Number of protein chains: 2
Amino acid sequence: MTTDSAFAELTRLIKRAHTLGTVGELLGWDEQVNLPLGGADQRAAQQAALAEAQHAAASEPRLGELLAKLEKPARELTDDQRAVVKNARRDYDRATKLPAEFVREKAAQGSRGYHAWARAKAADDFPSYAPVLETNLELAKREAAYLGRGDAPYDHMLDKHDPGLTAAAVEKLFDALKRELVPLVREITASPVAARARAAAAKLRGFPVEGQRAFLREVTERMGFDYARGRIDVSLHPFCSGTGSDVRMTTRFNADAPLDALFSSIHETGHGLYEQGLPAAHLGTALGIHAGMAMHESQSRLWENQVARSRGFWRCFEPRLRELFPAQTAAVMADELYLAVNAVEPTLIRVEADEVTYNLHIVLRFEVEKKLFSGELAVRDLPAAWRAASRELVGLEPANDREGVLQDVHWSDGAFGYFPSYCLGNMLAAQLWYRALALRPELDADFARGDFSWLLGWLREHIHAQGRRFDALELARRVTGEELSPRPLVRYLRERYGGLYL
Amino acid sequence: MTTDSAFAELTRLIKRAHTLGTVGELLGWDEQVNLPLGGADQRAAQQAALAEAQHAAASEPRLGELLAKLEKPARELTDDQRAVVKNARRDYDRATKLPAEFVREKAAQGSRGYHAWARAKAADDFPSYAPVLETNLELAKREAAYLGRGDAPYDHMLDKHDPGLTAAAVEKLFDALKRELVPLVREITASPVAARARAAAAKLRGFPVEGQRAFLREVTERMGFDYARGRIDVSLHPFCSGTGSDVRMTTRFNADAPLDALFSSIHETGHGLYEQGLPAAHLGTALGIHAGMAMHESQSRLWENQVARSRGFWRCFEPRLRELFPAQTAAVMADELYLAVNAVEPTLIRVEADEVTYNLHIVLRFEVEKKLFSGELAVRDLPAAWRAASRELVGLEPANDREGVLQDVHWSDGAFGYFPSYCLGNMLAAQLWYRALALRPELDADFARGDFSWLLGWLREHIHAQGRRFDALELARRVTGEELSPRPLVRYLRERYGGLYL
């Protein structure tokens, strides 16, 4: 069997397994957007049957034979082929090393966990949720052990979302970040401008949903989202799913908070542009899938923050917003809209946080997760540890667990190690931003003309088209010439918010 | 292994395969309702990967072992178990006797065929489509041969959609039907009332879509469709898909033809009520799937025609329609709306036909299909044969093939033998109707009060809850005490339309 024919067969099998995964993603999208109230059980049965089929495709013995052939040192693989084989090995090991019984147990626990969390949050009853977390923690450790990482289970959880990441590396980055951020937040919130920004944001009321929909469609199309290969709908929580030629974003509308739908849509558009930019011919192999959650988040954050909170962006879109909503914007002074877009106010709730304090919410979660895995912190002591960390980092202490340790869904189905991606994504975004700016200093003028094509073209070439050839950190190094560091993020926050508030 | 444990395992495997089928159905729904223009290729890849997984589940060797055990004469099965085993054998044979290569060839040909048909129809170019039909015919015959029906391939095609049906049985029914229907249509169209009915229908213009949507939602909810277990959306062609707790109907709106959206929705609601009425615990086995296409069509037609074209129905809903659309209905006289609902006018196009002439379109297709399979008619002679049959049966001759043999999509992916179900469904509907009326003569008064609960309850108990325990003809016999016959349909059409027109 020649290398090329083995590689072609491997590619076909990988793509088949990936395609079944995209069907599961579509079922998930449909569940959030369309599913009738009474359809949950049938949907769960569909997802279970599909997961079984997907697992069978991903652990197909022929894949193992082909990998063994292609991994022989004598084989001369191209760099691209090597990247595909490496990623396929990772997926194959995950599919074959986890016993079917364990996979079923984890899936059932994930579903139970979600409902237990939802009930506990509604009733502000952490003790009822604690046993679920204990079980999830234990399952995560068993999973790490099955995959040969029993010595460092939290590293395994991080690596799951961002190949190559370790707790030690994240800790170093986050320590440096929080030393800078905590005082910056105190400075900003002490500024008299903070109250003006909040007041400006509060003036934006009574925006009809249809008008909001039209405006965000214009904005996201101008950014480059291709609606012939994607769509946007409404769901309870905004998200983006799908890939290639079928990318589906969601948002939600509130007449009295028009910036929410707009910025969540711009955020999801960042994710969507990444997925639409992956090489179509390679969807499913390492050449045609994203480089991990941190890189994904860097794309959504770059568009949401560096781009859509810029002066140039609003020079372009403020006149249009005023044209579409003359009555609603009449009382908003020149420059007030821009202040509203960049309002900063510490909050207890992560998903409501502004872009400056957001990162501290993530640092908090990372520190708590790390201690849970090391055994330094017991599940029953979580609420107290959360309160203390919230006071230290965000400067606010939750009055109850609903606004504290119970606020996020992630841990309820065992998604430990996911939170850091959000903050690493912010760091990557800032680093990419300064590299782009060095290459094209007139970006702000581009945006003022509504022209995002240079920036998108650059991201397409250097990030999107690369797929998962490299780990996120390696890819960032290649694009920016620097190691990942919190400095560009701090510089960016100081420049944008220092200029406005200090 | 006990009978019960073998039966339980069989049930689990059948349900898994069926569940994967429902995922494919959902992908199909999504393709018609949501898919971005550019997403067709990815969707085709998803359907192909899913079909492969579904086929693997349906031909799982363990299923064959369990069937062999359960089919042993010594096994004492309940009647229900016997029905499940019989249907499972049918599905298993279909999954295992067709070579994978043949299944792939047929799927690829179906996709090519669809596009060739669409192009040929747009260009009115039958000769370009003829080779596709030749291939489809040949594939259908090969399929019949693989399944041991090489001697009677058209019987096989009929049996595929309606287990137990044969061409000889259909021919006898259709011959009797057309002898009655052809003269009835001539009488009706010669009546002066025909022009009044058409003029009344033409008055219904300018109905805003939102109002139409609200009205059809009220109507279909009143009929008993449970929107907590289903939904209705918009697509190019109306259809109904899904089952149990997730039934999805579609319709389409035209401001100047409000009866179209209403009646197509009522038709799909008939299908939907059937699917919502199948026993939830048995979805996927013979105890929880529908009894074939003719029975399905009987449910949609019964609600669309016997119910929704009745005096009682409009006594209930005409006032509401006038209330919702006062300006649009102002010029419509008392009784004109009822005439509009029951307008009869021969047309060349099946999907635009009224309920009287509709059946003749089906007879035409059946006669042509039968001759194609027997070799009496060559594909190249189809257009001429169609024109002659159209003249004889419908009284109109198409000026081109677009309005003749090219009008329907069915044959383009090899769905021969499907058309008769439509007309058999009409016969069954009338037969069920008179049985229901014999049991409850006050049905029209029920409808006038907007009360459809007795009728739905009766259908639930005697049809829906039966699943596929019996073939459609056997089920009809059990419910009505009579053999399937065209007489009740002719009686119904004479009563309704004779009363109005003659």
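Two strands pair if DSSP finds at least two bridges between them. The exercises below use a predicted model.

**Exercise 1. In what order do the three strands of the open sheet in chain B stand?**

Step 1. Take the order of the strands. In chain B it is 1-3-2, and the pairing is mixed.

Step 2. Find the edges. Strand 1 (230-234) and strand 2 (240-243) of chain B each have a single partner strand, so one side of each lacks a neighbour in the sheet.

Step 3. Add the twist. From one strand to the next it averages 15°.

Step 4. Check one pairing. Strand 2 of chain B and strand 3 (residues 246-251) of chain B run antiparallel and are joined by four bridges. Within strand 3 of chain B, B:Met249 is the residue opposite B:Cys240.

Step 5. Place a helix on the sheet. Helix 1 (residues 3-33) of chain B lies across strand 1, strand 2 and strand 3 of chain B. Its angle to strand 2 of chain B is about 150°.

**Exercise 2. Work out how the sheet of chain A is paired, residue by residue.**

Step 1. Read the layout. The three strands of chain A form an open sheet in the order 1-3-2, with mixed pairing. Strand 1 and strand 2 of chain A are at the edges with a single partner strand each, so each has one side without a neighbour in the sheet. Direction ignored, neighbouring strands are turned by 15° against each other on average.

Step 2. Take the parallel pair. Strand 1 (residues 230-234) of chain A runs parallel to strand 3 of chain A, and five bridges join them. A:Gly230 has A:Val247 as its bridge partner. A:Asp233 stands opposite A:Thr250.

Step 3. Take the antiparallel pair. Four bridges link strand 2 (residues 240-243) of chain A with strand 3 of chain A. Here A:Ser241 is bridged to A:Arg248.

Step 4. Look at the turn. The hairpin of strand 2 and strand 3 of chain A has two residues between the strands. In this hairpin, A:Gly244 takes a positive phi near 60°.

**Exercise 3. Is strand 3 of chain A buried or exposed?**

Step 1. Fix the cut-off. A residue is buried if 20 or more other C-beta atoms lie within 10 Å of its own.

Step 2. Count. Six of the six residues of strand 3 (residues 246-251) of chain A are buried, so the strand is largely enclosed by the rest of the structure.

Step 3. Split the strand by direction. A:Asp246, A:Arg248 and A:Thr250 point one way. A:Val247, A:Met249 and A:Thr251 point the other way.

Step 4. List helices lying across the sheet. Helix 1 (residues 3-33) of chain A lies across strand 1, strand 2 and strand 3 of chain A, at about 150° to strand 2 of chain A. Helix 11 (residues 258-277) of chain A also lies across these strands, running at about 165° to strand 3 of chain A.

**Exercise 4. Which operation lays chain B on chain A?**

Step 1. Superpose. A turn of 180° with a shift of 0.0 Å along the axis gives an RMSD of 0.0 Å. That is the relation of a two-fold axis.

Step 2. Locate the axis. B:Ala53 has the C-alpha nearest the axis in chain B, 3.1 Å from it.

Step 3. Size the contact. 30 residues of chain B are in contact with 29 residues of chain A. Helix 1, helix 2 (40-58) and strand 1 of chain B are the elements giving two or more residues to the chain B side. By class, that side has 13 nonpolar, ten polar and seven charged residues.

Step 4. Compare the two sides. 97% of the interface residues of chain B are also interface residues in chain A, so the copies meet through the same surface.

**Exercise 5. Which residues of helix 6 of chain B are buried, and what covers them?**

Step 1. Check the span. Helix 6 (residues 126-146) of chain B has 21 residues and reaches 30 Å from first C-alpha to last, close to the expected 30 Å.

Step 2. Name the buried residues. They are B:Phe126, B:Tyr129, B:Val132, B:Leu133, B:Asn136, B:Ala140, B:Glu143 and B:Ala144.

Step 3. Recall the geometry. An α-helix has 3.6 residues a turn, so residues three or four places apart point the same way.

Step 4. Find the cover. It includes helix 5 (100-123), helix 7 (153-161) and helix 17 (382-393) of chain B.

Step 5. Inspect the end. Just after helix 6 of chain B, B:Gly148 takes a positive phi of about 80°.

Terms used. Residues numbered from 1 in each chain as written. Chains lettered and ligands numbered in written order. Predicted model: local features only at pLDDT ≥ 70, side-chain atom pairs only at ≥ 80, totals over all residues. Axes fitted to C-alpha atoms, helices over the stretch in contact; angles between N-to-C directions. Contact = placed C-beta atoms within 7 Å. Least-squares fit on C-alpha atoms with pLDDT ≥ 70 in both. Buried ≥ 20, exposed ≤ 12 C-beta atoms within 10 Å, placed from the backbone. Nonpolar A, V, L, I, M, F, W, Y, C, P; charged D, E, K, R; others polar. Expected span 1.5 Å × (residues − 1).
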